[in-house]
Amino acid sequence: MNKQEKIALTSVANKEHTASMLSADELDRLTNDIITALKTVHDPEIPADIYELGLIYSIDVENDRTVRIAMTLTNPGCPIASEMTSWVENAVSTVAGVSHVEVTITFDPPWTTSRMSEEAQVAIGWY
């Protein structure tokens, strides 16, 4: 498990295990499937998926199986921002058990290359 996966799993686990109606096994399955779905979405300017690039800031799974994702973009002036949120919504909506997906974009904190996983660094030739 890489650094980004640990961050996302922690975000989901901390929120849901306090008063979740979902079992730990179901939450783990959903989380892993959501991450797999996110890895199918690629930044069109960088040859790596948005998850490994560190563009996903949080993944929250609600008791009603609504998934709320906070993400950023590599550039605040990105001309495909609305398309990117649609790509994320569409990808995560395919996960079995997800009832609804809400994606918000934030620039706080701003994205930096330090958020990239080793996998993403290798993909773009930085490693």
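How many bridges join S2 to S3, and do the two strands run parallel or antiparallel? In this predicted model, S2 and S3 are joined by 6 bridges and run parallel. The connection between them can be followed through a helix: S2, H3 and S3 together form a right-handed β-α-β unit.

It helps to place this unit in the whole chain. The protein has 4 helices and 3 strands, arranged along the sequence as α-α-β-β-α-β-α. Of its 127 residues, 45% are buried. Contacts with a separation of 6 or more are worth a look too: 64% of them in the protein link residues 24 or more positions apart. The accessible surface amounts to about 6500 Å², and carbon and sulfur atoms account for 52% of that area.

Turning to the interior, the largest nonpolar core contains 36 residues, and those with the most contacts inside it are Ile34, Leu38, Ile50, Ile69, Met71, Val88 and Val92. Two or more residues of this core come from each of helix H2 (24-38), strand S1 (56-61), strand S2 (66-71), helix H3 (81-93) and strand S3 (100-105). The top contributor is H2, which gives 6 residues to the core. The three elements of the β-α-β unit, S2, H3 and S3, are thus found again in the list of core contributors.

Met71 offers a handy viewpoint on this arrangement. Across the strand pair, Met71 stands opposite Ile105 in S3. Beyond its neighbours within four places in sequence, Met71 is in contact with Ile50, Leu55, Ile56, Tyr57, Met84, Val88, Val103, Thr104, Ile105 and Thr106. Among these partners, Val88 is, like Met71, one of the core residues with the most contacts inside it. As background, side chains in a regular strand alternate between the two faces of the sheet.

Two backbone details in the loops complete the picture. Most residues other than glycine have a negative phi, and most peptide bonds are trans. Arg65, which is not a glycine, nevertheless has a positive phi of about 70 degrees. Arg65 sits in the loop between S1 and S2, where this residue is partly exposed, with a relative accessible area of 25%. The other detail concerns the peptide bond from Asp108 to Pro109, which is cis with omega near 5 degrees. Pro109 belongs to the loop between S3 and helix H4 (118-123).

Key
Residues numbered from 1 in each chain as written. Predicted model: local features only at pLDDT ≥ 70, side-chain atom pairs only at ≥ 80, totals over all residues. Heavy atoms only, no water. Buried < 20%, exposed > 50% of the residue type's maximum accessible area, 1.4 Å probe, protein only. Contact = heavy atoms within 4.5 Å. Areas by Shrake-Rupley, 256 points an atom, 1.4 Å probe, with all protein chains shown as cover. Core = buried A, V, L, I, M, F, W, Y, C linked by side-chain atoms within 4.5 Å. Pairing = 2+ DSSP bridges. Right-handed = clockwise from strand over helix to strand, strands pointing away.
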